[in-house]
Amino acid sequence: MTYTQTTPDHDAADRADDGEDVARVLQPDGSRVPDAVLDPWIADLSPHELRALHRDMVLTRRVDAEGVALQRQGQLALWAPCRGQEAVQIGTAHALAAGDFVFPSYREHGVLLARGAQPADFVLAWRGEEHSAFDHTSINTAPPQIIIGAQSLHATGWAMGAQRDGSSDVAIAYFGDGATSQGDVNEAMVFASSFRAPVVFVCSNNQWAISEPVTVQAKFPIAGRAPGFGIPSLRIDGNDVLACVAAMRWALDRARRGEGPAFLEAVTYRMGPHTTSDDPSRYRTAEEVEHWAGRDPISRFEAYLCAEGVLDDSGLAEVAAAADALAGQVRAACIGATTRAAETIFDHVYAEPHAPLAAQRAAYMDYLSGFVAEDAR
């Protein structure tokens with residue numbers, strides 16, 4: 001199963017990606033449409049599993065909104081919003097097995113939540129209190145990577161190790177469209193293809209790499225690149241959670257059977273800024289944002305679930321209450337956090353203390369004491 005590039009249309013390549021040339025099973029209005037490739041992979045989803053997908057999407061959006069609010073109030077140093085990308089994060093994460101290992105970027109708050117990380121803990125990384133604020137070994141999820149695309153190499157290396165151990169577990173690398181211009185991602189795909197590593201590359205194409213549109217760095221759909229490395233790919237509607245579940249199940253199945261890596265391009269949209277230090281109104285139009293607001297992944301899925309009788313008003317109210325409660329826990333944890341003394345940054349650099357580290361600590365303490373002297377004046 002491979003993405004096929006059509007005859008080049010250079011005029012079309014320069015236009016914004018409207019998300020139409022994708023595989024999906026849910027239309028923006030929530031109506032169900034058949035897809036011969038995706039349908040078999042979601043035929044067994046139970047009402048309970050469908051409600052769980054919806055619940056985690058709503059919880060992710062609420063935690064994300066709280067992260068933005070806390071940063072605006074000075075409680076967090078920075079936050080990378082994921083509003084609008086809940087479907088690709090929750091849909092793909094729900095398809096994973098416990099033994100699979102996730103290598104996320106800094107925007108995958110929903111993936112962390114779905115894997116079992118506690119939002120009240122991992123927001124503290126954005127306050128500078130902790131490195132990742134969760135035990136990566138207990139939930140098989142690496143700390144979010146800030147260096148663009150580097151996690152793709154980590155995922156491929158882990159997958160090659162699992163392959164040599166005879167494990168059926170799969171590595172998953174999450175990154176954005178901007179990361180596909182980085183050498184790390186391309187190098188990871190070379191190794192993954194050459195060694196048939198059990199790794200799935202998930203590209204969340206949210207249309208913007210900070211202030212640069214995807215059409216500048218990718219004249220044609222990103223999914224079309226993977227076959228050049230010998231990696232099959234799918235280009236899916238990243239705002240359709242069922243399509244995301246199906247595509248990930250397909251990719252995982254072939255990886256577990258020893259058929260090697262797969263590449264998923266989930267076409268979605270970053271509704272907010274790149275981070276809370278960014279002003280997206282400087283580089284994109286209100287009309288573009290409004291267009292994508294009409295493709296909202298949560299309202300789309302809610303319309304489908306309600307039409308199918310899987311979700312009703314009481315269920316919606318229950319999820320909303322759970323989201324508010326979780327946001328309250330995040331806020332309480334953040335506001336109640338105690339910042340450790342600055343010199344503790346040296347505490348866990350090495351397993352054992354040694355003279356050069358002690359000298360660095362002493363030099364740093366001298367540096368900090370200079371600020372105290374200035375304040376005293």
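Two helices count as roughly antiparallel when the angle between them is over 145 degrees. In this predicted model, helix α2 (residues 47-72) and helix α12 (residues 297-307) have axes that cross at roughly 150°, and α2 and α12 are therefore roughly antiparallel to each other. Helix α2 also crosses helix α10 (residues 241-256), with the axes at roughly 110°, and that angle makes α2 roughly perpendicular to α10.

**Helix α2 with helix α12**

- The axes of α2 and α12 come within 10 Å of each other, and α2 passes α12 in a left-handed crossing.
- On the α2 side, the residues that make this contact are Leu-50, Leu-53, His-54, Met-57, Val-58 and Arg-61, while α12 contributes Pro-297, Ile-298, Phe-301, Glu-302 and Leu-305.
- Sorted by class, the residues in the contact of α2 with α12 comprise eight nonpolar, one polar and two charged.

**Helix α2 with helix α10**

- The axes of α2 and α10 come within 11 Å of each other, and here α2 passes α10 in a right-handed crossing.
- The contact is formed by Leu-50, Leu-53 and Met-57 of α2, which meet Val-241, Leu-242 and Val-245 of α10.
- The contact of α2 with α10 has six nonpolar residues, with no polar and no charged ones.

**Residues of α2 in both contacts**

- Leu-50, Leu-53 and Met-57 of α2 take part in the contact with α12 and also in the contact with α10.

Key: Residues are numbered from 1 along each chain as its sequence is written. This is a predicted model: local features need pLDDT of at least 70, side-chain atom pairs count only at pLDDT 80 or more; totals for chains, interfaces and linings use all residues. Side-chain values use heavy atoms; hydrogens and water are left out. Axes are lines fitted to C-alpha atoms, for helices over the stretch in contact, and angles run from 0 to 180 degrees between N-to-C directions. Helices (H or I, at least four residues) and strands (E, at least two) are DSSP runs, numbered from the N terminus. Angles under 35 degrees count as roughly parallel, over 145 as roughly antiparallel, 65 to 115 as roughly perpendicular and the rest as oblique. A crossing is left-handed if the near helix is turned anticlockwise from the far one by less than a right angle, and right-handed if clockwise. Contact means heavy atoms within 4.5 Å. Ala, Val, Leu, Ile, Met, Phe, Trp, Tyr, Cys and Pro count as nonpolar, Asp, Glu, Lys and Arg as charged, and the others, Gly among them, as polar.
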